[in-house]
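Dear colleague,

Please find below the structure that I am handing over to you. My notes on what was found in it follow directly after.

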Amino acid sequence: MSKSRNNALSFSSVGSIVLENGETATGKFGAVQCITATEFTALTAANIEGVGLLIGYTIPAGTVLYGEFTNVQVNTGVSICHKY
């Protein structure tokens, strides 16, 4: 049985990057998970229409954003970018 990309994301087998206040990550991320209430300064995703509307808005702790993210910058809070 082949391994699906969703299984890899669920278990973070490809790796993750933890970001906090003012930090930025670039690369390929399949999910961004907010550990604490998080406000983003930059959030780039090729397959999410209107993703820019989330910038400056406080995303509640526990929220997971799914998509094809290439740039994530946290203004305040802690988030995890899950690679794929």
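Strand β2, which covers residues 24-34, is joined to β5 by seven bridges, and the two strands run antiparallel. One position in this pairing can be located by name: Ala25 has Val72 of β5 as its bridge partner. Please keep in mind throughout that the model is predicted.

Strand β5, residues 64-76, also pairs with β3, residues 38-45; this pairing is antiparallel too and has six bridges. Two positions of β3 and β5 may help you to find the register on the screen. Ala42 stands opposite Gln73 in β5, and Thr44 stands opposite Asn71 in β5. As background, the strands of a sheet pair through backbone hydrogen bonds, in either a parallel or an antiparallel manner.

These pairings belong to an open sheet of six strands, whose order is β1-β6-β2-β5-β3-β4, with antiparallel pairing. At its edges are β1 (16-20) and β4 (58-59), each of which pairs on one side only. The chain as a whole has one helix and six strands. Read from the N terminus, its elements follow the pattern α-β-β-β-β-β-β.

Some overall values complete this picture. The chain has 84 residues, of which 32% count as buried. Its accessible surface is about 4900 Å², and carbon and sulfur atoms account for 53% of that area. If one takes the contacts between residues at least 6 apart in sequence, 77% of them join residues at least 24 apart.

I turn next to the interior. How many residues does the largest nonpolar core have? The number is 15, and the residues with the most contacts inside this core are Val32, Phe40, Leu43, Phe69, Val72 and Cys81. Strands β2, β3 and β5 are the elements that give two or more residues to the core. In soluble globular proteins, nonpolar side chains tend to be buried together. Val32 is a good residue from which to explore this region. With its neighbours within four places in sequence left aside, Val32 is in contact with Phe40, Thr63, Val64, Leu65, Phe69, Val72, Ser79, Ile80 and Cys81.

Two of the contacts of Val32, namely Val64 and Ser79, deserve a separate look. Val64 lies in strand β5, while Ser79 is found in strand β6, residues 78-83. The two residues are 15 apart along the chain, and their C-alpha atoms are separated by 9.4 Å. Val64 counts as partly exposed because its relative accessibility is 30%. Ser79 has a relative accessibility of 0% and therefore counts as buried. Beyond four places in sequence, Val64 is in contact with Ala31, Val32 and Gln33. On the same basis, the contacts of Ser79 include Ile17, Val18, Leu19, Cys34, Phe40 and Val74.

Thr38 is also among the contacts of Ser79. Thr38 has its place in strand β3 and is buried, since its relative accessible area is 0%. A polar atom of the Thr38 side chain lies 3.2 Å from the backbone oxygen of Val78. Not counting residues up to four places away in sequence, Thr38 touches several others, including Tyr57, Thr58, Ile59, Thr76 and Gly77.

Finally, there are the cysteines. Why is the sulfur of Cys81 not bonded to that of Cys34? The two sulfur atoms are 9.3 Å apart, which is too far for a bond, and Cys34 holds the cysteine sulfur closest to that of Cys81. A disulfide is a covalent bond between the sulfur atoms of two cysteines. A search of the whole structure finds zero disulfides, and Cys34 accordingly takes part in none. Cys34 counts as buried because its relative accessibility is 1%. Cys81 counts as buried as well, because its relative accessibility is 0%.

With kind regards

Definitions and conventions. Residues are numbered from 1 along each chain as its sequence is written. This is a predicted model: local features need pLDDT of at least 70, side-chain atom pairs count only at pLDDT 80 or more; totals for chains, interfaces and linings use all residues. Side-chain values use heavy atoms; hydrogens and water are left out. Two strands pair if DSSP finds at least two bridges between them. Helices (H or I, at least four residues) and strands (E, at least two) are DSSP runs, numbered from the N terminus. Buried means under 20% relative accessible area, exposed over 50%, partly exposed in between (1.4 Å probe, protein chains only). Contact means heavy atoms within 4.5 Å. Accessible areas come from the Shrake-Rupley method with a 1.4 Å probe; for residues, only the protein chains shown count as cover. A disulfide is a pair of cysteine sulfur atoms within 2.5 Å. A nonpolar core is a set of buried Ala, Val, Leu, Ile, Met, Phe, Trp, Tyr and Cys residues joined through side-chain atoms within 4.5 Å. A polar contact is a pair of N or O atoms within 3.5 Å; within protein, one must be able to donate a hydrogen and the other to accept it, and residues adjacent in sequence count only if both atoms are side-chain atoms.
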